[in-house]
Amino acid sequence: MEHSDTDPTRREFLRRTGQATLTGLAAPWLLNLSAMGEAAAFASTDYKALVCVFLFGGNDYANTVVAYDDASYAKYATIRAAGSGGTNGVALDKDALAATLLKPTTALPQGRQFALNPAMKGLANLFNTGKAAVQLNVGPLIVPLTRDQYNSSNRLKYPLPPKLFSHNDQQSVWQSSSPEGSTIGWGGKMGDVALSNNSDSLFTCISLSGNSVLLAGDSALQYQCSTSGAIAVRNLSNNFFYQTEIKNAFAAMLQQPRKHVLENEYNTVMKRGITAQAKVAQGLSTVQLQTAFPAANALGNQLKMVAQLIGARNSLGAKRQVFMVSLGGFDLHDYLNTKHAPLLQQIDDALSAFYQATVELGVADKVTAFTASDFGRTLASNGDGSDHGWGSHHLMVGGAVKGAAFYGTAPPVSITDTMAPDDQWHVGQGRLLPSTSVDQYAATLAKWFGVADSEMGSLLPNLKNFGVAAGRPDYPTNLGFMA
Amino acid sequence: MDEAEVASAPGTGVAVLGAAALLQACGGSGTPSPVAPSLPDANLTASYQAARFLQHAQFSSSEAEIAAVRSQGDSAWLDGQMALNSSLGAWDWLKQRGYDVIDENRFYEMEFQSNYMAWYQIMASPDGVRRRIALALSEFFVVGGAGVGTLTWGQFAMGAYWDVLCKNAFGNFRVLLEEITLNIAMGEFLNTLGNQKEDATTGRLPDENYAREVMQLFTIGLLQLNVDGTPKLGANGQALETFTQSDVSNLARVFTGYESDNSEGYSQSAIAPTYTIRNVGYTRRPMVLNAKRHSSLRAEFLGAVVEAGTDGKTALKIALDTLFQHPNVGPFFARQMIQRLVCSDPSPNYVARVATVFNNNGKGERGDLAAVFKAILLDTEATSAAGLTSTTFGKLREPMVRTAQWGRTFNATSLKGTWKIGNPNYSAVDALGQSPLQAPSVFNFFRPGYIPPSTAMALSKATAPEFQLVNESTTASYINYLQNFLINGMWVRAPELIISPDAATVTDGPDIVPDYTAELALVGKPVELINRLNLLLCAGQLSSETVTMMVTALSYDQANASSSDSTKRSYVAKALMFVMCCSEYLVQK
């Protein structure tokens, strides 16, 4: 990093006003060749929705859910104070954390305490009032691993998730258990088993964040809506073509089936969009949300549209939905001090408003939001940022979350490479070795959503290596954070 | 008025449809048939082939270029283009506009003029082949403009980055790799700039970002590859990864100690609060090494060793030579460049042919980019007729390439000469979804391994990277975006000024305007007009059924040679809307 010559606040302002950045571009994904099994449907009469809040770039866990008890904080501060020029490095001040201290109904063992980043006052409040919880040290695993096993050369017995520490691949692994190229994700598989509950299957899996493999199922498609709602093709309704016959010919061309597979796919998406747009516009016209969402907040804009679509659920015929929203910018190798808190502030403002909107819509206990990210980062500092890691802490928010609680195990605060117990839960530089797998996390959400135990294996191919049936009761298939 | 008559007369449309269909069916009474009769078929086929080659090699295919390719042959024409000197560079272009001035406009705090620069470069600068190749390289060695907005004179840093790509487009990969590594925009984007060595006292470690991405994205990738780009498999059938976290942490030491070269001095800003501003020239100077901040630890990566105490320059040479000599580079780079220029899912044999040229250009040189791009563009898989009848060959034209093609085909020019084309993604409702040099991250706009879920491509495991941008929102938004400028050109705020005021001005209006002279002459002659667009924009890849459909549709528009200019422009724009939204155009074969 090199600091600019001028006032950064003013520069941010000028850049914002000067030019908008790209909108609606998704991050990467991709390839599961898993068998296309027929999913059994489940019947439901109520409404439930899951909302994945993906933090692109790999969120810095250590400055998000911050070690707070004196012993842990002291270690954290020492490790993270490794800055340049006598500064505090990338450690947060303890005084600033008091207002966001998390107060679980059952205290963690060994006096461990955590606070959220000072920017996350709304979420700390949701946690402390029982509407949010924290899953500690969760990340992709194929089998439970110790650090010794991670370092083992026996990869048949101790397989690692593919392409660890790589952004695009770990985004995909989080969402689909497979790296870039994957085409089936666990949100989409949930959609497969829920499809029959919805009168229009297209509105089962909805992304506000472009293409995401999370929402791709065998049968379930992901419908991709914008923060402005469904986008109409203007010239199908305005006077650009003027003559109805020309307009009709254009509309037919756009939606025509093709023999060429790329052409056909383009037109298929086009046709789906045109068909859905009319329904979405009709549905949204019936929704008047009173809850104020934060302005100039990319995540807030997406969550506001999710809330409006949930408000339109009856019109759209939806009983089970999985949504995907996202915020980018978390790859803070640099500028962690100046850029991280504003991102977390956006999450805090957006998720707080979203929870309020679900209260307003009367579905607070029917909607569960949860965070996910490429990976956690190093606890060690590179001077003004942190580098790619593995396990991370994540948040679950909603009336059905058994809140004011931590799930999983608090990792020791250490970056050294010794045989001591404190060094067994990271794989170097404080890159956390997950003590809970994404499969366990996802299975807990899926169970609440209505997925039967017998269906879990088709969603989460590695779940079979966890839980009582696998002889690992210390890695339960239901983490217990959902009511 | 013509339109109102048709629209208000029930039944008229049906009659016209019947007549038009009849005309096409029998080629009858004075109306030309949809298959252009002006050239014998052999000539038309040759023109289509030339246009197809031109649209792979550059952004567009004018009548003059088609004629030149036909007379010189593909290979000789390409040699001629590659031999041309690079035209005015982006850095100099920005300076020529006046963006280097330190005044109350505070250009030194801005990056967004790199949009103007990049759009001018791909839409109007004269050497189209070099610019097209540079654009492909910009999607491999990615710097996203928004990610360097923290730099003073960010737009010039982006200009210097683009100039490095243009300068080396037909040079050697190893030279390009080093210039990109030391480029200040890349330095800021992936954190080599200001990266410091480890500090044993505090526990601070080198930043690992560039070390990881230079391996993962710019040279060798994550999996060991055969020369045809397929992954090598280990004894248990698993793909083999190329490097470990230890390789990253070790290589990171090599990229420590780099700082900006401020030897061109400083100036005071003009108005309060005054700052000392680095003079703009620093943005095109390679980063310099501060030995005191460079790690002196031993570093071991990919089987190579930088011994403890090695000087930074030597360490960099060892690192880049090691990466460059890795057998993965040829197939890894070749497959992605084929994807950018020719087809989304190239055959392993095509990749192998190009990778072999990368490995050795026939004269013993590794990494000869002119030879690599010639091999890509002249390969039989790119040129053979089989690709035209296949149901899988080709690629979705990138949105930004469509816009550049429109501009070049119709000689679009900035009336005021300011070329203020911003990032066309301000609103989700009418966005292009892409803008040159503005990828959202180092992972580009889409991934080379992307396979669209729930599609025929997913069943056959066929990659289709550009489809990562395709969804129910962006397909509609693209059409709305086109409507904003197809008739009268691109609307610009205060086009006579190099700045963009926040509020509307009286001069706001179309400034990037097309020259539709040839097309306006064909108003009322839908067969000729569609055939012309089919050749120039589609290399003849619209099927006869589609041409017939478009001609039939346009026949409902009563505009003709004596209509008003605005009526005629609308007619041309309707034809363009059909062509540029047609899947046979969007998927380039």
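I started with helix α25 (residues 544–554) of chain B, which is mostly covered, with nine of its eleven residues buried. Buried here means that 20 or more other C-beta atoms lie within 10 Å of the residue's own; 12 or fewer makes it exposed, in between is partly exposed, and C-beta atoms are placed from the backbone. Helices (H or I, at least four residues) and strands (E, at least two) are DSSP runs, numbered from the N terminus. Among the buried ones in α25(B) I noted Thr546(B), Met549(B), Met550(B) and Leu554(B).

**Ground rules**

I'm looking at a predicted model, where local features need pLDDT of at least 70, side-chain atom pairs count only at pLDDT 80 or more, and totals for chains, interfaces and linings use all residues. Residues are numbered from 1 along each chain as its sequence is written, while chains are lettered from A and ligands numbered from 1 in the order in which they are written.

**Confidence**

I checked pLDDT next, the predictor's confidence in each residue, from 0 to 100. Chain A has a mean of 90, and 90% of its residues reach 70 or more. Residues 7–39 of chain A are below 50, and that stretch has 102 contacts in the model beyond near neighbours in sequence. Contact means that the C-beta atoms of two residues, placed from the backbone, lie within 7 Å. Chain B averages 92, with 93% of the residues scoring at least 70. In chain B, residues 1–37 are below 50, and I found 43 contacts for them beyond near neighbours in sequence. The model scores ipTM 0.92 and pTM 0.91.

**Where the chains touch**

I looked up the interface: 92 residues of chain A are in contact with 99 residues of chain B. On the chain A side, α8(A) gives the most, with eleven residues. Sorted by class, that side has 41 nonpolar, 35 polar and 16 charged residues. For the classes, Ala, Val, Leu, Ile, Met, Phe, Trp, Tyr, Cys and Pro count as nonpolar, Asp, Glu, Lys and Arg as charged, and the others, Gly among them, as polar.

**Another covered helix**

Helix α22 (residues 472–483) of chain B has eleven of its twelve residues buried, so it is largely enclosed by the rest of the structure. Glu472(B), Tyr478(B) and Asn480(B) are among those buried. What covers them? I found that the cover of the buried residues of α22(B) includes β6 and α8 of chain A, plus α20 (399–409) and α26 (565–580) of chain B.

**The core**

The largest nonpolar core has 334 residues, and Val354(B), Val372(B) and Ile376(B) touch the most other members. Such a core is a set of buried Ala, Val, Leu, Ile, Met, Phe, Trp, Tyr and Cys residues joined through C-beta atoms within 7 Å. Leaving aside neighbours within four places in sequence, Ile376(B) is in contact with residues including Met337(B), Leu341(B) and Val354(B).

**An exposed one**

I then tried Thr276(B), which sits in strand β3 (residues 276–278) of chain B. Is Thr276(B) buried or exposed? It counts as exposed, because it has 11 C-beta neighbours inside 10 Å. Thr276(B) and Asn534(B) are 258 residues apart in sequence and 55 Å apart in space, C-alpha to C-alpha.

**A helix pair**

Last lookup: Lys121(A), Gly122(A), Leu123(A) and Leu126(A) in α3(A) meet α11(A) at residues including Asp348(A) and Tyr355(A). I sorted the residues of this contact into four nonpolar, two polar and three charged.
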